[in-house]
Structure formats: structure tokens, C-alpha cells
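This report covers packing, a pocket and one residue in a single model. Please view the sequence and structure below first.

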Amino acid sequence: MAAHVLRTAPRRRIRLDEHLPVDHRLSMFYRIGAGLMGLVLLVFGILGLIDKVGFFDTHGDKVSGLSTNGALSVLSICAGLLLLVGMVIGGNVASTINMVLGVLFILSGFVNLALLDTDSNFLAFRIPNVLFSFVVGVMLMFFGMYGRVGSALPHDNPYWRSRHPEQAEQEQRVKAGAELRAKALDRGAARTVSGAAPPPAPLGEGRSDR
């Protein structure tokens with residue numbers, strides 16, 4: 001009795017090179033977002049370390065209008081370096097890093113808002129820091145989710161095509177058929193125009209009688 005082996009089609013995993021090419025406009029957008037935000041956080045962290053504030057000093061010191069201490073400076077430098085790494089890699093990696101850090105910054109804003117004026121405020125947060133954390137979080141999420149999350153993505157978007165492979169393939173076939181029909185119509189029109197031209201003159205026409 002022949003043994004029947006049930007095989008399930010493997011789930012298609014999207015590779016970075018085919019899912020979002022490095023030279024794709026979305027990848028460039030993710031790179032720019034990660035680079036800008038990473039540079040801001042890196043500079044903020046370095047300026048905080050230069051002031052040599054205590055690592056867990058709850059009073060902190062002012063840097064560009066924001067309160068900071070050693071711990072917050074180190075965390076800012078780490079986040080900035082991670083974003084710069086994402087900028088170098090690009091593609092899905094940069095997009096995912098932007099989104100993850102964006103969520104973490106928003107959560108940090110809420111948590112530290114609850115810890116203001118308490119002994120547990122180890123990052124020396126103040127209201128401007130909370131607002132800054134929210135702004136950075138929202139911007140990072142925007143830079144990470146743009147063109148990747150949404151209900152109205154264009155059908156040429158690589159993320160939409162990945163989530164709807166059958167419909168994308170069908171639309172590709174329809175587009176290819178339309179292009180073939182357009183080329184056939186162009187060839188037919190060219191033949192019609194050439195057929196309407198006057199016939200060539202006979203070989204003897206134009207010669208004088210001898």
C-alpha cells in the first residue's frame with residue numbers, strides 16, 4: 001500500500017533583497033529617518049557625558065533644555081548608535097529598528113511621567129524630557145511604518161504585494177496582457193499607415209521615348 005505523504009506548502013519568507021531592494025525609495029526613507037534621529041540622540045548623549053553628571057543623579061543637569069544624567073546619556077548614545085547601524089543596513093532592518101525604538105520611546109515617556117518627582121526617577125526626567133520622548137517616539141514610528149503599514153497601500157508597494165501574492169500575480173498578468181494588446185494595436189496601426197501610402201512607380205515610368 002503506497003504511503004501518502006501530506007506536504008504543506010512552506011510559508012514564503014521574504015528576503016531583504018527581493019522584498020525591499022536597497023535602492024528602493026522606501027529603503028532610502030527608512031535610512032534618512034534612522035540617521036537623523038540617531039544623530040540627534042547621539043549628540044544629546046555625548047553632551048550629557050561631557051558634563052560629567054552623576055550616573056543616577058535624580059536632579060540631573062540641563063543639556064539643550066532637557067534634563068539628563070549619566071544613565072540617560074548612555075542610553076541615548078546606545079539608541080543613537082543602534083539607529084545609525086539601521087541606517088547603514090537599510091531596508092527592513094532600518095524600518096523595524098525605527099518602529100521598535102519608537103514604541104520604546106513612547107512607553108518611556110509614559111513610565112517616566114509617572115516617576116516624576118519621585119526617588120525612582122533614575123533618568124532625571126522632567127516634563128520637557130517626557131515631551132521629547134513622545135515626539136521622538138512618534139517620529140521614529142512614522143519613519144518605520146511609512147509605506148509598510150496601512151489599509152490603502154498602493155498595489156505596486158512591495159509590502160502589499162507580499163501580503164497579497166495571488167492578487168499581485170493576477171494584476172501582473174492583466175498588466176502584461178494589456179501591454180501586449182497595446183503593442184499589437186500599435187503594430188496594426190503602423191501597417192495601416194504604410195498600406196495607405198501610394199504604390200511605387202513602375203520601372204518604365206519617367207523614362208523618355210527614344
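## Leu47

A residue counts as buried under 20% relative accessible area, as exposed over 50%, and as partly exposed in between. Leu47 has a relative accessible area of 35%, so Leu47 is partly exposed. The model is a predicted one.

Leu47 belongs to helix α2. Leaving aside neighbours within four places in sequence, Leu47 contacts Val63 and Ser64. Leu47 and Val63 are 16 residues apart along the chain, yet 6.8 Å separates their C-alpha atoms.

## Nonpolar cores

The largest nonpolar core holds eleven residues: Ala34, Met37, Leu41, Ala79, Leu83, Ile97, Leu101, Phe105, Val136, Leu140 and Phe143. Four helices each give two or more residues to this core: α2 (25-50), α3 (70-89), α4 (91-114) and α5 (127-145). Another core lies apart from it. That core has nine residues, including Phe44, Val63, Leu116 and Leu123.

What does Leu140 touch, not counting residues up to four places away in sequence? Its partners are Met37, Leu83, Asn98, Met99, Leu101, Gly102 and Phe105. Of these, Met37, Leu83, Leu101 and Phe105 are listed with Leu140 in the largest core.

## The largest pocket

The largest pocket has a volume of about 290 Å³. Its lining has 16 residues. Leu72, Leu75, Ser76, Phe105 and Ser108 lie nearest the centre. The elements α2, α3, α4 and α5 each give two or more residues to the lining.

Which classes make up this lining? Twelve residues are nonpolar and four are polar. No charged residue is part of it. Phe105 appears both in this lining and in the largest nonpolar core.

Technical notes
Residues are numbered from 1 along each chain as its sequence is written. This is a predicted model: local features need pLDDT of at least 70, side-chain atom pairs count only at pLDDT 80 or more; totals for chains, interfaces and linings use all residues. Side-chain values use heavy atoms; hydrogens and water are left out. A nonpolar core is a set of buried Ala, Val, Leu, Ile, Met, Phe, Trp, Tyr and Cys residues joined through side-chain atoms within 4.5 Å. Buried means under 20% relative accessible area, exposed over 50%, partly exposed in between (1.4 Å probe, protein chains only). Contact means heavy atoms within 4.5 Å. On a 1 Å grid over the protein atoms alone, a cavity is a set of points where a 1.4 Å probe fits but cannot get out, and a pocket is an open set with protein on both sides within 12 Å along at least five of seven lines; lining residues have an atom within 4 Å of a point. Grid points are joined across faces, edges and corners, and a volume is the space filled by probe spheres set on the points. Ala, Val, Leu, Ile, Met, Phe, Trp, Tyr, Cys and Pro count as nonpolar, Asp, Glu, Lys and Arg as charged, and the others, Gly among them, as polar.
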